[in-house]
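Biologist: I have the sequence and the structure open side by side, and I would like a close look at one part of the chain, read slowly and then set in its surroundings. Could you start with the residue you would pick and work outwards from there?

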Amino acid sequence: YMSSVGLIGLGQMGYGMAKNLALKATSNVYVYDLNQAAIDRITSEFPHVKVARSPVELSELASTVITMLPESSHVEKVYETLLPSLDSSSYCIDSSTIEASVAKDVAEKVRAKGGFAFDAPVSGGTLGADAGTLTFMVGAPSVESFESVKPLLSLMGKNVIYCGDNGTGQVAKLCNNMLLGISMIGVSEAMLLGTKLGMDAQLLASILNNSTGRCWSSDTYNPYPGVIATAPASREYVGGFSNKLMAKDLRLAMKAAEGCQTSPELGTMASNVYQKLSTTKDFDSLDFSSVFKWISQK
Ligand code: NAD
């Protein structure tokens, strides 16, 4: 099915995904973004990557279209323009983190055109996108259709997991990110408390990482500056996964929780913390591990 592949959205994540496609895909690779600088960044590194002038042109050139956009509204907008050019040979994979209900809705519209739609949000962050080691959580119209896109997603990820019908990939993702928001605040509070009480940050981190408090927020993405050289904390929280996007994901989780009459205690608190960070000047665009800096200043 995969004669060519296109990627719309070349931001923090899309850039790394495009890079892995450029390096590994055997077919033509097309890209599109609203932001010319994002396009230039990838094409200057990989001159064989082709640029589409619009989402429609990209979908005409590529039988498989991947989108990596910020929020539900962007995905809806891009699909609105794509839909007329889709047919039974079209495969549409959305890797953005969006509302499960929007993912289902979009999938239904693609299905009505005879095409195949997948929600395939990712975890692994910008480091995973760059290294091609993302985890894809995939909602698909059928197991067979999932199997047919798995090889393509494997070019960008090391785990490609079938979650069930359309929308279930997004459900898995929002549960993961609710937990991630909570754990990042928890690690920040532990690192702040320990260092205030006189512990060396590096030593404290290594103890946590060999103890029961260990988690991704402590051992891979530690929020204390300098503990992990490649983490955003070691470059003043620039790049990575923004507070704005984390606030968005927690809003999605809270909305979904309300929809099924559950009220997560810590999820609600984490959501409130990140709504504040995402609306605080000088913090809104920083990586979400900057919650450490924020609580340190309080
Ligand atoms: P980003 O804001 O860095 O990138 C989004 C890109 O989409 C930008 O380049 C923007 O110009 C482009 N764009 C916006 N509207 C467009 C349109 N209509 N047409 C074409 N291009 C358009 O965001 P990101 O950090 O790459 O995240 C993308 C998605 O992945 C989000 O849903 C996010 O929640 C999710 N995600 C991010 C991370 C992370 O660590 N950054 C990790 C996992 C999942």
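Modeller: Let us begin with Thr268, which sits in helix 12, the run covering residues 265-278, and keep in mind throughout that this is a predicted model. Thr268 counts as partly exposed, because 15 C-beta neighbours fall inside 10 Å, and a residue needs 20 or more such neighbours to be called buried. Once its neighbours within four places in sequence are set aside, Thr268 is in contact with Met254 and Ser263. Ala256, by comparison, is twelve residues away from Thr268 along the chain, and the two C-alpha atoms are separated by 12 Å.

Met254 is a useful link to the next stretch, since its number falls within helix 11 (243-259), and helix 11 supplies at least two residues of the shell around the ligand. The other elements that each give at least two residues to that shell are helix 1 (12-24), helix 4 (72-82), strand 7 (122-123) and helix 6 (125-131). There are 28 residues around the ligand, and those that come nearest are Gly9, Gly11, Gln12, Met13 and Phe241. By class, the shell divides into 13 nonpolar, twelve polar and three charged residues, and at least three of its residues are drawn from each of domain 1 (4-165) and domain 2 (171-297).

Helix 1 deserves a separate paragraph, as Gln12 and Met13 are among the residues that come nearest to the ligand and are also listed among the buried residues of helix 1. The rest of that buried list is made up of Gly14, Tyr15, Gly16, Met17, Ala18, Lys19 and Leu21. What covers these buried residues includes strand 1 (4-8), strand 2 (28-32), helix 2 (36-45) and helix 6. In length, helix 1 has 13 residues and reaches 19 Å from its first C-alpha to its last, which is close to the 18 Å expected at 1.5 Å a residue.

Helix 6 appears again when we turn to the two domains, which the domain assignment gives as domain 1 (4-165) and domain 2 (171-297). Their centres, taken over C-alpha atoms, are 27 Å apart, and the contact between them takes 13 residues from domain 1 and 15 residues from domain 2. On the side of domain 1 that touches domain 2, the largest share, three residues, comes from helix 6, and that side has six nonpolar, five polar and two charged residues.

Helix 8 (residues 168-196) can be checked for its length in the same manner as helix 1: at 1.5 Å a residue its 29 residues should span 42 Å, and the end C-alpha atoms are indeed 42 Å apart, so the two values agree. Just after helix 8 comes Gly198, which takes a positive phi of about 105°. Further along, Cys215 lies in the loop between helix 9 (201-208) and helix 10 (216-219), and Cys215 counts as partly exposed because it has 18 C-beta neighbours inside 10 Å. Leaving aside neighbours within four places in sequence, Cys215 is in contact with Ser183 and Val187, whereas Asn243, 28 residues from Cys215 in sequence, is 19 Å from it, C-alpha to C-alpha.

Two backbone angles in this part of the chain are also worth a look. Most residues other than glycine have a negative phi. Tyr237, in the loop between helix 10 and helix 11, has a positive phi of about 65° although it is not a glycine, and Tyr237 is buried, because 24 other C-beta atoms lie within 10 Å. Asp282, in the loop between helix 12 and helix 13 (291-297), likewise has a positive phi, near 75°, but Asp282 is exposed, because 9 other C-beta atoms lie within 10 Å.

To set all this in the whole chain, the protein has 13 helices and nine strands, and its C-alpha trace spans about 60 × 45 × 35 Å along the principal axes. A compact globule of 298 residues would have a radius of gyration near 19 Å, and the protein chain has 20 Å, so the value agrees with that expectation. Of the 298 residues, 47% count as buried, and among contacts between residues at least 6 apart in sequence, 68% join residues at least 24 apart.

Conventions
Residues numbered from 1 in each chain as written. Predicted model: local features only at pLDDT ≥ 70, side-chain atom pairs only at ≥ 80, totals over all residues. Helix = DSSP H or I, 4+ residues; strand = E, 2+ residues; numbered from the N terminus. Buried ≥ 20, exposed ≤ 12 C-beta atoms within 10 Å, placed from the backbone. Contact = placed C-beta atoms within 7 Å. Near = placed C-beta within 6 Å. Nonpolar A, V, L, I, M, F, W, Y, C, P; charged D, E, K, R; others polar. Domains from an automatic or database assignment. Rg over C-alpha atoms; globule rule 2.2 N^0.38 Å. Expected span 1.5 Å × (residues − 1).
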